[in-house]
Amino acid sequence: MNAREDLTYVYAAVPDTREVRAALGELRGVSGAPVSLLAAGTAPVAFVVSRVAPDEFDERTLKARFEDLEWLEGVARAHHEVVQTVARHDTVLPLRLATVYQNDDRARRALTAQSRAFTERIALLRNRSEFGVKLYVSPTGSTDRTGPAGTAESREGAEGAADASLTPGKAYLRRRRAQHSAQETRYRHAQEAAARVEALAYRFSTHRVRHPAQTGALAGPEENVLNDAYLVPHDRAEEFRAALTGAVEGIDGVRVEVTGPWAPYSFATPSPPPGTETAGEGAAP
């Protein structure tokens, strides 16, 4: 291969239709390159592609590039924008970030080899979108600390006064028991909320992928205890959102977050039928 020949970057597999071709229009993808449709013979599906420079996307360079968070974020945003744009016009089967082929011919061969699998998967995803559902629990001690008697602040003041009459060892044990009790209450509330969320979600969705709970900066000050993706028919989307948004009303210290609709990133590969779980890689944005 000519060292200067651009590589073929693939965003997704889609039905090869006029609507999809028109949707690409002036769309720009990774590195600002024009996006186009790459067909393969009589295959009913095509690849959404653009050209990328080999000095950025060859296999050896990519290993280092994936450690560059600023670069990675830029590529991810461009990739997502292309996929979401196409998803507004037809069913889209997103491919992994930085799926790159040596040239168009290599990409066509891959498309031909997987055409049947892509077609079957697109049929499953047709008229459905992905929704993300996350459940958060407030950290211990995050309740209101400024209210009148009976609030957390006044209770802690009373406990502090009581602790003053105890030996340091007994005071420490009392505080530890109180912390343990508060933590047990938090997780009991979280379990109750998760059960409500899952029971409601199954009424409106067809498939679920369970992602690992987020930690650190991704979760913020709260603890993320549930991080699921659901495949929801378009005509049930608003019911799904409304039901899940109100699922945890009356449960203290628990918050549910519903995002979407997204292109079905979590369902691009086969998943089990409703009522079963699978480990997924990467949550929807």
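Strand 5 and strand 7 (residues 223-233) pair in the antiparallel sense over 10 bridges. The model is predicted. The protein has 8 helices and 8 strands, and buried residues account for 42% of its 285 residues. Of the contacts between residues at least 6 apart in sequence, 75% join residues at least 24 apart. The points below cover the sheet that holds strands 5 and 7, and then two polar residues, Glu130 and Asn227.

**The sheet**

- Strands 5 and 7 belong to an open sheet of 4 strands, with the order 6-7-5-8 and antiparallel pairing.
- Strand 6 (207-210) and strand 8 (254-262) stand at the edges with a single partner strand each, so each has one side without a neighbour in the sheet.
- On average, neighbouring strands of this sheet are turned by 20° against each other, with direction ignored.
- In general, the strands of a sheet pair through backbone hydrogen bonds, in either a parallel or an antiparallel way.
- One of the bridges between strands 5 and 7 links Val133 with Asp228, its partner in strand 7.

**The helix across the sheet**

- Helix 8 (residues 237-245) lies across strand 5, strand 7 and strand 8.
- Helix 8 runs at about 165° to strand 8, which is one of the two edge strands.

**Glu130 in strand 5**

- Glu130 is placed in strand 5, which spans residues 128-137.
- Glu130 is buried yet has no salt bridge.
- Arg121 carries the nearest side chain of opposite charge, and it is 9.5 Å away from Glu130; a salt bridge would need a side-chain nitrogen within 4 Å of a carboxyl oxygen.
- A polar atom of the Glu130 side chain does lie 2.9 Å from the backbone nitrogen of Tyr265.

**Asn227 in strand 7**

- Asn227 lies in strand 7, the strand that pairs with strand 5.
- Asn227 counts as buried because its relative accessibility is 4%, and the cut-off for buried is under 20%.
- The side chain of Asn227 has a polar atom 3.0 Å from the backbone oxygen of Pro212.
- Asn227 and Glu257 are 30 residues apart along the chain, and their C-alpha atoms are separated by 9.5 Å.

**Glu130 and Asn227 together**

- Glu130 is buried, and Asn227 is buried as well.
- The side chain of Glu130 has a backbone nitrogen, that of Tyr265, at 2.9 Å, whereas the side chain of Asn227 has a backbone oxygen, that of Pro212, at 3.0 Å.

Methods. Residues are numbered from 1 along each chain as its sequence is written. This is a predicted model: local features need pLDDT of at least 70, side-chain atom pairs count only at pLDDT 80 or more; totals for chains, interfaces and linings use all residues. Side-chain values use heavy atoms; hydrogens and water are left out. Buried means under 20% relative accessible area, exposed over 50%, partly exposed in between (1.4 Å probe, protein chains only). Lys and Arg count as positive and Asp and Glu as negative; His and the chain ends are not counted. A polar contact is a pair of N or O atoms within 3.5 Å; within protein, one must be able to donate a hydrogen and the other to accept it, and residues adjacent in sequence count only if both atoms are side-chain atoms. Two strands pair if DSSP finds at least two bridges between them. Axes are lines fitted to C-alpha atoms, for helices over the stretch in contact, and angles run from 0 to 180 degrees between N-to-C directions. Contact means heavy atoms within 4.5 Å.
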